[in-house]
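Work through the exercises below with the model open. Each task is followed by a solution in steps.

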Amino acid sequence: MPVFENNNTVTVVLGTQWGDEGKGKLVDLLAQKFDICARCQGGNNAGHTIVVDGVKFDFHLVPSGLVNPDCHALLGNGLVIHLPSLFDEIAKIEEKGLDCQGRIFVSDRAHLVFDFHQIVDGIKEVELGRGSIGTTKKGIGPTYSSKASRSGIRVHHLYEWDVFEARFRSIVANRFKRYGQFDYDIDADLAKYKALAEKLKPMVVDSVAYMNTALNRGQAILIEGANALLLDIDFGTYPYVTSSNTGIGGVCTGLGIPPSKIGAVIGVVKAYTTRVGEGPFATEQLNEVGERLQTVGHEYGVTTGRKRRCGWLDLVMLKYSLMINGYTALNLTKLDVLDGFSEIKVAVGYKFHGKPLLSFPASLTVLANVEVEYKTFPGWQTDISACRTFEALPQRAQEYVQFIEEFLGVPIESIGVGASRDAMIMRPPSSS
């Protein structure tokens with residue numbers, strides 16, 4: 001794949017749908033050829049699962065490229081970081097035999113998530129009632145709200161303790177005024193963070209200088225997006241979105257790198273569609289098809305354990321995603337989940353009140369009431385998990401893949417056919 005070439009640019013891996021597309025597995029494969037793997041946004045509301053030699057690693061804050069022992073990991077300024085969760089995650093990774101020492105770095109400009117943010121997250125969901133967003137209650141939204149209102153606390157504040165303590169007490173006092181006197185021990189948390197600050201100190205870097213120095217040295221950099229385009233705060237199905245920019249724009253603002261340094265942009269596409277949480281979902285199948293996709297695909301959230309809602313692949317949504325992120329190649333994942341279907345559908349158009357829509361609508365009222373135009377394919381009904389070349393796939397599976405890339409106008413350069421690291425078909429550019 002051409003993305004392996006180091007031409008002093010950054011390679012980016014982004015989710016094209018509502019997340020859970022399998023970005024972690026591709027990042028794990030690509031990271032074998034990269035020096036640095038970085039995260040640019042989000043928090044531990046994201047989750048990537050990597051299976052290596054039968055060992056399953058769950059990543060939430062740490063970039064999954066860390067599985068490569070020669071790769072360093074950076075948590076960029078665009079992240080919001082809950083330090084207890086970060087250290088717990090590192091400990092669990094190390095328990096499985098992965099050495100993390102001296103390989104994980106954290107931006108001094110990243111904002112911190114505190115336990116009171118997580119409490120407030122739950123309270124806000126209760127307040128919203130039936131209009132709830134379906135948050136993971138990890139405190140992500142309240143932390144980004146603090147950031148936007150300029151009352152947030154960043155990593156560097158940990159090393160200006162008087163400033164840190166004053167800001168901490170002030171923001172908690174404000175939350176008590178807004179939400180009532182919920183159970184929270186301020187002094188105990190301050191003591192906890194004084195200890196965590198010392199533990200974190202060796203990892204803290206000026207991430208802007210770190211990234212740009214690496215680029216100037218010609219190091220190969222891989223960016224791992226979290227969540228996905230349809231969860232973007234601006235371009236997603238608002239308000240049923242996350243609180244950060246999950247698309248290509250978030251790469252630049254979340255790491256401090258110029259757009260001119262971005263080379264390949266790989267969009268990861270699940271061979272069907274899933275989402276976690278609330279909001280309209282045009283191709284959702286509330287029937288036997290949806291249940292089968294959920295069961296065969298093991299569609300449970302890595303972070304929450306919640307069942308994912310399932311439906312057919314939506315090319316209208318993907319075309320919209322492509323317009324914003326400008327994918328140079330696609331990674332199609334979980335194609336094997338469709339093995340048992342006698343027929344497979346793909347959304348190719350939307351109509352509203354009988355009129356075709358030109359693009360994916362901003363209005364959720366419109367999205368919830370679109371008439372979906374489908375193209376139907378005969379299923380291949382063959383186990384493809386052992387296939388390692390495109391030519392080894394059944395003809396009907398090949399036709400399904402080819403239709404997707406022709407409709408979108410972007411080559412599908414890799415295809416996932418199973419959970420393990422080696423269950424990936426790599427296609428030379430000339431054949432895609």
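**Exercise 1. Locate Arg-150 and describe its backbone and exposure.**

Solution. Arg-150 lies in the loop between helix H4 (140-148) and H5. Helices here are DSSP runs (H or I) of at least four residues, strands are E runs of at least two, and both are numbered from the N terminus. Next, take the backbone: phi of Arg-150 is near 65 degrees, a positive value in a residue other than glycine. Last, take the surface: Arg-150 counts as exposed because its relative accessibility is 70%. Buried means under 20% relative accessible area, exposed over 50%, and partly exposed in between, with a 1.4 Å probe and protein chains only.

The model is predicted: local features need pLDDT of at least 70, side-chain atom pairs count only at pLDDT 80 or more, and totals for chains, interfaces and linings use all residues. Residues are numbered from 1 along each chain as its sequence is written, and side-chain values use heavy atoms, with hydrogens and water left out.

**Exercise 2. Do the same for Lys-334: where is it found, and what is its phi?**

Solution. Lys-334 is in the loop between strand E15 (329-333) and strand E16 (343-352). Its phi is near 55 degrees, again a positive value in a residue other than glycine. With a relative accessible area of 22%, Lys-334 is partly exposed.

**Exercise 3. Which two residues does a cis peptide bond join?**

Solution. The bond joins Tyr-238 and Pro-239, and omega is about 10 degrees. Pro-239 sits in the loop between strand E10 (221-224) and helix H8 (248-255).

**Exercise 4. Describe how H5 and H6 pack against each other.**

Solution. Start with the axes, which are lines fitted to C-alpha atoms, for helices over the stretch in contact; angles run from 0 to 180 degrees between N-to-C directions. The axes of helix H5 (residues 161-179) and helix H6 (residues 186-200) come within 11 Å and cross at roughly 145 degrees. The crossing is right-handed. A crossing is left-handed if the near helix is turned anticlockwise from the far one by less than a right angle, and right-handed if clockwise.

Then list the residues in contact (heavy atoms within 4.5 Å). H5 contributes Trp-161, Phe-164, Glu-165, Phe-168, Arg-169, Val-172 and Phe-176, while H6 contributes Ile-186, Asp-187, Asp-189, Leu-190, Tyr-193 and Lys-194. Sorted by class, the contact of H5 with H6 has 8 nonpolar, no polar and 5 charged residues. Ala, Val, Leu, Ile, Met, Phe, Trp, Tyr, Cys and Pro count as nonpolar, Asp, Glu, Lys and Arg as charged, and the others, Gly among them, as polar.

**Exercise 5. At what angle do H2 and H6 cross, and which residues meet?**

Solution. The axes of helix H2 (residues 83-95) and H6 come within 11 Å and cross at roughly 50 degrees. H2 is therefore oblique to H6. Angles under 35 degrees count as roughly parallel, over 145 as roughly antiparallel, 65 to 115 as roughly perpendicular, and the rest as oblique. The crossing of H2 and H6 is left-handed. From H2, Leu-83, Pro-84, Leu-86 and Phe-87 meet Lys-192, Tyr-193, Leu-196, Lys-199 and Leu-200 of H6. This contact of H2 with H6 divides into 7 nonpolar, no polar and 2 charged residues.

**Exercise 6. Repeat the analysis for H10 and H12.**

Solution. The axes of helix H10 (residues 315-325) and helix H12 (residues 395-408) come within 10 Å and cross at roughly 45 degrees. H10 is thus oblique to H12, and the crossing is right-handed. Leu-315, Leu-318, Lys-319 and Leu-322 of H10 make the contact with Phe-403, Ile-404, Phe-407 and Leu-408 of H12. By class, the contact of H10 with H12 has 7 nonpolar, no polar and 1 charged residues.

**Exercise 7. Is Thr-16 buried or exposed, and what does Thr-16 touch?**

Solution. Thr-16 is in the loop between strand E1 (10-15) and helix H1 (23-30). Thr-16 counts as buried because its relative accessibility is 0%. Leaving out residues up to four places away in sequence, Thr-16 touches Glu-21, Ala-228, Leu-229, Leu-230, Gly-267, Val-268, Val-269, Leu-318, Ser-321 and Tyr-327. As for H1, 8 of its 8 residues are buried, so H1 is largely enclosed by the rest of the structure.
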